[in-house]
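Open the structure in your viewer and keep the selection panel at hand. The stops below go from charged pairs to a helix residue.

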Amino acid sequence: LAQKSSRQKQIQQKRYRAFESLLLNANANANANLQGLDSTSILVSDSVTTSMCVDERSQKQQVVGRKTTKSRKGQNAYRYEKIEQHYSEEFQLPEWMVDVPDDLHLSAMAKMEMTVDGESSDAISSSEEEKGWFVIPRPEGTRCLVITRNGYTESRKKTGKILHHKFPSKLPNGAHSSRTKASEFCVLDCIFQEILGTYFVLDLLCWKGQLMTECSAALRLFWLRSRISEVFGIDTHGEDNQYRFVTVPVYDCNLEGLKNAYNTQFSYVKDGLLFYNKAGHYSKGLTPLVLVWKDAKSSRFPVDSPDGVNPYPVQSCVLKLEQINCSGLNPFEYVVVALGGDVVEKVPSDFVATNQLKPGDFLRFTLSEASLLPVTNTHESCE
């Protein structure tokens, strides 16, 4: 009996220990499951916050990207505007021939004097050759500057905007086949006729990096013709010469030269006559050393006309709005000026404000009798 009771106690103890171990295992599994749930929720919450941060960052990056794009577009627009302004200021602009220059006929007189002295005209010195004027039959078309650099050619109008962008030409450094150093660029003053697909070369500003603006017109025009004549195929269309380049005839301004320039029928449509002072440099802006003449015989457009035959019933002109300082009650006033800067007329301030105008804008005016009288004294007009 004693042995049985001891065995039963051992069995009960084993059962109790087994039961305790089962309880411990159950509790451990439950704790582990709870910990797994907590870690999962933590991971989910972390992923949610991370995704929210990523979304916020991406939104901020998109906003910054938009701002950067807008700022870049603004910078590019400002840069293009400055480039256009730079090229528009490079043109030499002729004045109208209102009065005949006193030395217009000096080239003919110089040749006559040399002939009387018994010397040939070929022996005339450079100083004598640069006396007087040239007369050039001006082609009808779009005035532009042609620039070659880095193996391509482009042309820009008087406003500075591009006329033809990156086309090949036979000019030095004007195509990939003739690409040279960046410093060997060319700048030519031309008139483009779209019907003929031709650039008529008037003047030369730079040739292979050699600036010619400080040289006399006699030297520039001689240099231009000699260099253009050396370029083979420049006056024909081709794969490496998209547009033709042709020099215009130049005559000494004597009786014979004037007759030839005025009466001769050329391969292009004529738009008046240009007069170049032989000693004049290439000057930016309006210059009295280059004059232009137009009449009904030498130009289709001596006055504003839609077809060159029937003029508009009312003529018009384009003037530039400027702001000037005045003494008195009004600190400044608006005026319109002509190409040379001469003040033509005052503009009311309310008109400027109503039409949202600013200094530098160009305005078109219709002309009639007793309108747009020139202002001779700006201070008196301001008072």
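**Salt bridges, then a helix**

The count of salt bridges comes to 13, a salt bridge being a side-chain nitrogen of Lys or Arg within 4 Å of a carboxyl oxygen of Asp or Glu. This is a predicted model, in which local features need pLDDT of at least 70 and side-chain atom pairs count only at pLDDT 80 or more, while totals for chains, interfaces and linings use all residues. Residues are numbered from 1 along each chain as its sequence is written, and side-chain values use heavy atoms, with hydrogens and water left out.

Select glutamate 154 and arginine 156: their side chains form a salt bridge at 3.4 Å, N to O. Both residues are buried (under 20% relative accessible area; exposed is over 50%, partly exposed in between; 1.4 Å probe, protein chains only). Add Arg149 to see a salt-bridge network of Arg149, Glu154 and Arg156.

Next, select lysine 320 and glutamate 322, which meet in a salt bridge of 3.7 Å, N to O. Lysine 320 is partly exposed at 30% relative accessibility, and glutamate 322 is partly exposed at 26%.

Now go to aspartate 252 and lysine 278, a salt bridge whose closest N and O atoms are 2.7 Å apart. Lysine 278 is buried, at 5% relative accessible area.

Which residues is alanine 218 in contact with, leaving aside neighbours within four places in sequence? Select Glu130, Phe134 and Lys278; contact means heavy atoms within 4.5 Å. Alanine 218 is itself buried, at 18%. Its C-alpha atom is separated by 8.3 Å from that of glycine 280, 62 residues apart along the chain.
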